[in-house]
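Visitor: I have a model open on my screen and would like to know how its labels are earned. Could you take me through the reasoning?

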Amino acid sequence: MDLFRKKHFDLNKGTGLKKTLGALDLISLGVGAIIGTGIFVITGQAAAEHAGPALMISFVIAAIACILAALCYSELASTVTVSGSAYAYSYAAFGEVVGWLMGWTLVLEYGVAAASVASGWSAYVQGLLEGFGMHLPTAISGAFNLSQGQIIDLPAVLIILAICLLLTQGARETARFNAIMVIVKIAVIIIFILVGAFYVKPDNWTPFMPFGFTGVMSGAAVVFFAYIGFDAVATAAEEVKNPQRNLPIGIIGSLIVCMIMYSLVAVVLTGMVPFTNLGVADPVAFALRFVGQDFVAGLISVGAIVGITTVLLVLLFSQTRLLFAISRDGLLPKFLSKVDEKKQTPVRSTWMVGIIIALLCGLLPLDQLASLTIIGTLFAFAVVSLGVIGLRKSRPDLKRGFSVPWVPFLPLLSAAFCVLLMLQLDGSTWGGFAVWILVGLCIYFFYGYRNSELGDKQSKK
């Protein structure tokens, strides 16, 4: 049984997906995926419960881990220019079983993240409606909970299905819609920074590190969720014009834009409001209400809804392209890689993903699953970092549009940073992740290994 058979991707073979995306499209997709729940929700929780005003340092530490991983992603994305992101890289560098586990981990990351973000989107929309005196019936206002009279979170279900409809229209149409939404939410964030700066009180930054450096590191692990998304850019590889050049620009460019935005928001937010008051669901809007800027707070709420919508868009886009790649390799049923001849998109897998995630966010409370997204992403980043070293040794012949400097030192440092942040997460998160990996191994041994395209080719030789 050869569990570590490696796939040599044919980078010149047509796939049926239309190449329409440029560097700016990719930066927009990355920003669309990154700036959302993290900046509008998690900043307050991380400041109040973990880092205090030192939240800005937590963001920098998390950003360092992401920048190191982004460099590694950029080399692999410009080398293995196919759909699948970390799944494809691991398949090429370490073999099939590692590639499968990486793909299975990304299924967890994108799926749970999308479901959680959709629930957050629903909460913001309902909050905005209540501001106008409108209230949804209790039965359709939240996940299944008979004690509170809730049956289904209908707004979360509807936004998932609406985005799936958009995704089936094509990558170009998706990118155009995303670009417009990204411009709106960046404008809203800039408004917050400019208005909030006039209300900053340096006294609010004292004590600067109330929970010690341990709290700063714990905060870094929490706010790492805010950076999740730049890796999603790589899943669009087969729909990118000149991927060797444009993929690294998209990955690193989107991360730099978001890092600057997050750092500025953290400085202004903790300067406006004492950190002990920031443990609320809408910290950015709350800070503006705290200083009497109710109108601007309303604009921020609208911006939050727009921001979270773009996160959902890119997460669902990434999930469908990941399943497309895994299915094409035979590790999942083939119907997931069928491409619509007219629209040149994987319509079947898009609707399947949408329906499953709509049911999850509509019926199940998913707050506690967000930590699984974090640990899964950190694990993926660590393996991708090591994949740079592995692929350089096993495939030195491949053309690399971008090369990570100081190999193997920098990839090893990247992997170490990711593992360090993983160790900040609690035992229940590690237990849930272990169960997910075990389920993935069962699927691989009972289905994937037997139906693998690579296995079939090797058996016929």
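What follows is a short conversation about the labels used for this structure.

Guide: Happy to help! Please keep in mind that this is a predicted model.

Visitor: What makes C164 buried or exposed?

Guide: C164 has a relative accessible area of 1%. Buried means under 20%, so C164 is called buried.

Visitor: And why is C442 called partly exposed?

Guide: Its relative accessible area is 43%. The partly exposed class runs between the 20% and 50% cut-offs, so C442 belongs there.

Visitor: While we are on cysteines, how many disulfides are there?

Guide: The count is zero. A disulfide needs two cysteine sulfur atoms within 2.5 Å, and by that rule none is found.

Visitor: Let's turn to W406. Why does W406 count as exposed?

Guide: Exposed means over 50%, and W406 comes in at 65% relative accessibility, so the label fits. W406 sits in the loop between α13 and α14.

Visitor: What is notable about the phi of W406?

Guide: Phi of W406 is near 55 degrees, a positive value in a residue that is not glycine. Most residues other than glycine have a negative phi.

Visitor: Which peptide bonds are cis?

Guide: One joins V407 to P408, with omega near 10 degrees; P408 is in the loop between α13 and α14. Another joins T206 and P207, where omega is about -5 degrees, and P207 lies in the loop between α7 and α8. Most peptide bonds are trans.

Visitor: How do you know that the span of α12 is close to the expected one?

Guide: Helix α12 covers residues 347–363, which is 17 residues. From first C-alpha to last, α12 reaches 24 Å, and the expected value at 1.5 Å a residue is also 24 Å. Among its buried residues are V353, I357 and C361. The buried residues of α12 pack against α5, α6 and α11.

Visitor: What lies inside the protein in the way of cavities?

Guide: Three cavities of 30 Å³ or more turn up in a search of the whole structure. The largest holds about 100 Å³ of space. Twelve residues line this largest cavity, and those closest to its centre are A33, V117, F225, I228 and V311. Helices α1, α2, α5, α8 and α11 each supply at least two residues of that lining.

Visitor: What is the make-up of that lining by class?

Guide: The lining of the largest cavity has nine nonpolar residues and three polar ones, with no charged residues.

Technical notes: Residues are numbered from 1 along each chain as its sequence is written. This is a predicted model: local features need pLDDT of at least 70, side-chain atom pairs count only at pLDDT 80 or more; totals for chains, interfaces and linings use all residues. Side-chain values use heavy atoms; hydrogens and water are left out. Buried means under 20% relative accessible area, exposed over 50%, partly exposed in between (1.4 Å probe, protein chains only). On a 1 Å grid over the protein atoms alone, a cavity is a set of points where a 1.4 Å probe fits but cannot get out, and a pocket is an open set with protein on both sides within 12 Å along at least five of seven lines; lining residues have an atom within 4 Å of a point. Grid points are joined across faces, edges and corners, and a volume is the space filled by probe spheres set on the points. Helices (H or I, at least four residues) and strands (E, at least two) are DSSP runs, numbered from the N terminus. Ala, Val, Leu, Ile, Met, Phe, Trp, Tyr, Cys and Pro count as nonpolar, Asp, Glu, Lys and Arg as charged, and the others, Gly among them, as polar. The expected span of a helix is 1.5 Å times one less than its number of residues. Contact means heavy atoms within 4.5 Å.
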